[in-house]
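Visitor: I would like to go through this model with short questions. Please show it first.

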Amino acid sequence: MAHCSGSAMLLLPLLWLFLRSPSLAARNRCVDAAEACTADGRCQHLRTEYVARCLGRDAAAGCARARCHRALRRFFARGPPALTHALLFCPCLDPVCAERRRQTFVPACAFSGPGPAPPSCLEPLDACEHSGICRPRLLAFQVSCVPAPSASDGCSREQALSCLRAYAGLVGTAVTPNYVDNVSARVAPWCDCGASGNRREECEAFRELFTGNRCLDGAIQGFDRGQSPVLQDHSHSHQNPEHILLQVPSADGPLQECSLFSMLLVLALQALL
């Protein structure tokens with residue numbers, strides 16, 4: 001069973017998300033997502049890195065925001081999307097879960113501040129426009145999350161996947177968004193338009209990319225309903241879990257002594273998804 005155990009380990013972090021409790025409504029999916037990340041070596045390494053940069057001793061003398069943002073970009077760029085996105089978009093039914101979700105990437109350093117009041121949205125927008133990292137990501141987000149009038153949820157299933165990926169790409173940039181409270185799934189950058197002067201229309205248009213975006217809302221709510229394609233589409237960095245299990249390496253062919261074990265895991269995942 002040596003081949004079998006090695007291949008099965010590839011699927012265990014995904015199964016972890018669904019096997020913690022028999023009732024979806026009774027469990028904290030953000031805790032499940034954190035534990036699944038911990039069970040995956042690459043996810044855990046990258047997560048430990050950003051926590052150290054954003055909260056650990058590296059930030060003891062104050063928030064090292066540039067280093068924190070760099071580590072966050074690495075986490076979402078190099079971590080397994082099924083696990084990093086589960087941490088970012090985990091569905092919540094109570095304030096405790098929602099607050100954990102809001103605190104996912106150390107917002108005291110990565111998102112808000114340094115002052116107690118948010119700045120004008122023109123400040124991060126202008127910074128983004130002059131950043132070779134932020135500007136293309138913001139453009140990708142605008143293109144990917146344009147609401148589709150014909151879609152009931154604001155955008156199609158395929159577009160929802162692209163929208164969530166583009167949103168995750170903004171974390172760790174000048175316009176880093178986050179959940180605005182622990183009683184909803186509303187998101188926005190740390191800014192407002194109260195002091196935007198004669199650029200108020202431009203300011204509000206930028207903020208409404210997040211606060212008034214039906215496609216983004218629908219994509220996040222789609223994840224909340226357990227229907228997010230992020231957990232089902234790993235074409236950019238991973239094979240489909242079924243293919244991973246059904247292509248167990250063997251000297252005599254892909255399916256030998258591990259076939260029954262592999263099929264059972266596949267059937268279990270299909271049933272739970």
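Visitor: Which cysteine is joined to C128 by a disulfide?
Guide: The model is predicted: local features need pLDDT of at least 70, side-chain atom pairs count only at pLDDT 80 or more, and totals for chains, interfaces and linings use all residues. Residues are numbered from 1 along each chain as its sequence is written, and side-chain values use heavy atoms, with hydrogens and water left out. A disulfide is a pair of cysteine sulfur atoms within 2.5 Å. At an S to S distance of 2.0 Å, the partner of C128 is C134.

Visitor: Is the disulfide of C128 and C134 left-handed or right-handed?
Guide: The torsion about the S-S bond of C128 and C134 is about -95°. The disulfide is therefore left-handed.

Visitor: Is C134 buried or exposed?
Guide: Buried means under 20% relative accessible area, exposed over 50%, and partly exposed in between (1.4 Å probe, protein chains only). The relative accessible area of C134 is 1%, so C134 is buried.

Visitor: Where do the buried residues of helix 9 lie around the axis?
Guide: Helices (H or I, at least four residues) and strands (E, at least two) are DSSP runs, numbered from the N terminus. In helix 9 (residues 134-144), the buried residues are C134, L138, F141 and S144. The arc, taken from the directions from the helix axis to the C-beta atoms, is only 135°. The residues are therefore on the same side of helix 9.

Visitor: How many residues apart in sequence are the parts that C121 and C191 tie together?
Guide: C121 and C191 form a disulfide with their sulfur atoms 2.0 Å apart. C121 lies in the loop between helix 7 and helix 8 (122-129), and C191 in the loop between strand 2 (187-189) and helix 11 (200-211). The pair therefore ties together parts whose separation in sequence is 70 residues.

Visitor: Is C63 buried, partly exposed or exposed?
Guide: C63 is joined to C109 by a disulfide. While C109, at 3% relative accessibility, counts as buried, C63 has 43%. C63 therefore counts as partly exposed.

Visitor: How are helix 5 and helix 10 oriented to each other?
Guide: Helix 5 (residues 81-89) and helix 10 (residues 157-170) pack at about 80°. Axes are lines fitted to C-alpha atoms, for helices over the stretch in contact, and angles run from 0 to 180 degrees between N-to-C directions. Angles under 35 degrees count as roughly parallel, over 145 as roughly antiparallel, 65 to 115 as roughly perpendicular and the rest as oblique. Helix 5 and helix 10 are therefore roughly perpendicular.
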